[in-house]
Amino acid sequence: MKSGRFPLRMLILAVALICIPAGGCGKQETTDDMGNTQSSLGVDNQIAGFLFNFDKSAETAKMVKDKDKGIFPESVTWAYAENLKVHEKAPTMTSEDPDFIRDIYYALSNTIVMGNAFERSTETPYFIEITLNNGGTIRYNFVSPSVIRLSEQNYVIESDGSLWRTLREASKKYEKG
């Protein structure tokens, strides 16, 4: 009787091995304006450590569900500047550019929350605020590029660098006019 279970277990294992290297079964992808494929593998595969799965707020859940329907947020407001001095504030900028919004969405969705940070600062010189189509907002506050503050707790984050690169480039364009 046990031998009947063995092939079923092997079949389940084989399906898992096929899905994982392929980036997940049923993953959602889009292509940016440069022809690069963008996806949210951690979100699509419900991996708890990814920011949009870790953040249990109703607004974040709505944003993810909207994205699955092809609906992205209306705007992104952010404060980011390099080499800030202590108590110096980063300039605040806003964009309604759909390509930029999509880039920020995917960069945040692929950010991994690694664990509690030793950094206990309550100061958050950087932020990203996303305005949804229904008028709701989601705000992510950052102590530094590697530490996010959620629910009065600081967490170490890791990403591929696309979030800060995208904000840096957009900030430079914004400053030029």
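Buried means under 20% relative accessible area, exposed means over 50%, and partly exposed lies in between (1.4 Å probe, protein chains only). This is a predicted model, in which local features need pLDDT of at least 70, side-chain atom pairs count only at pLDDT 80 or more, and totals for chains, interfaces and linings use all residues. Residues are numbered from 1 along each chain as its sequence is written, and side-chain values use heavy atoms, with hydrogens and water left out.

**Overall picture**

The protein has six helices and nine strands. Helices (H or I, at least four residues) and strands (E, at least two) are DSSP runs, numbered from the N terminus. Of the 177 residues, 39% are buried. The protein exposes about 10,700 Å², and carbon and sulfur atoms supply 54% of that area. Accessible areas come from the Shrake-Rupley method with a 1.4 Å probe; for residues, only the protein chains shown count as cover.

Contact means heavy atoms within 4.5 Å. Among contacts between residues at least 6 apart in sequence, 58% join residues at least 24 apart.

**Confidence**

pLDDT is the predictor's confidence in each residue, from 0 to 100. The protein averages 81, and 73% of the residues score at least 70. Residues 1–28 stay under 50. For that stretch the model has 16 contacts beyond four places in sequence. Where pLDDT is low, the predicted coordinates should not be read in detail.

**Helices H5 and H6**

The expected span of a helix is 1.5 Å times one less than its number of residues. H5 covers residues 98–109, and its 12 residues should span 16 Å. Its end C-alpha atoms are 16 Å apart, which agrees. H6 covers residues 162–176 and has 15 residues. From first C-alpha to last, H6 reaches 21 Å, close to the 21 Å expected.

H5 is mostly covered, with nine of its 12 residues buried. Among them are Phe-100, Ile-101, Arg-102 and Ile-104. Tyr-105 also lies in H5. It is buried, with a relative accessible area of 1%. The C-alpha atoms of Tyr-105 and Phe-72 are separated by 8.1 Å, although the two are 33 residues apart along the chain.

In H6, the buried residues are Ser-162, Leu-163, Trp-164, Thr-166, Leu-167, Ala-170 and Ser-171. The buried residues of H6 pack against strand S3 (75–79), strand S4 (92–95), H5, strand S6 (126–131) and S7.

**The nonpolar core**

A nonpolar core is a set of buried Ala, Val, Leu, Ile, Met, Phe, Trp, Tyr and Cys residues joined through side-chain atoms within 4.5 Å. The largest one has 31 residues, and those with the most contacts inside it are Leu-108, Ile-128, Tyr-140 and Phe-142. H5 gives the most to this core, with seven residues. In soluble globular proteins, nonpolar side chains tend to be buried together.

Ile-128 has contacts beyond four places in sequence with several parts of the chain, including Val-76, Trp-78, Ile-104, Leu-108, Tyr-140, Phe-142, Leu-163 and Leu-167.

**Selected residues**

| Residue | Place | Relative accessible area |
|---|---|---|
| Ser-95 | strand S4 | 13%, buried |
| Arg-139 | strand S7 (137–144) | 41%, partly exposed |
| Ser-151 | loop between S8 (147–150) and S9 (153–158) | 73%, exposed |
| Glu-152 | loop between S8 and S9 | 66%, exposed |

Ser-95 is in contact with Glu-74, Ser-75, Val-76, Trp-78, Phe-100 and Ile-101, leaving aside neighbours within four places in sequence. Its side chain reaches the backbone nitrogen of Asp-97 at 3.1 Å. Ser-95 and Tyr-174 are 79 residues apart in sequence, yet their C-alpha atoms are 9.0 Å apart.

Arg-139 touches Phe-127, Ile-128 and Glu-129, not counting residues up to four places away in sequence. A polar contact of 2.8 Å joins the side chains of Arg-139 and Asn-141. A polar contact is a pair of N or O atoms within 3.5 Å; within protein, one must be able to donate a hydrogen and the other to accept it, and residues adjacent in sequence count only if both atoms are side-chain atoms. Arg-139 and Val-76 are 63 residues apart in sequence and 9.7 Å apart in space, C-alpha to C-alpha.

The S8–S9 loop holds two residues with unusual backbone angles. Phi of Ser-151 is near 50 degrees, a positive value in a residue other than glycine. Glu-152 is not a glycine either, and its phi is positive at about 65 degrees.
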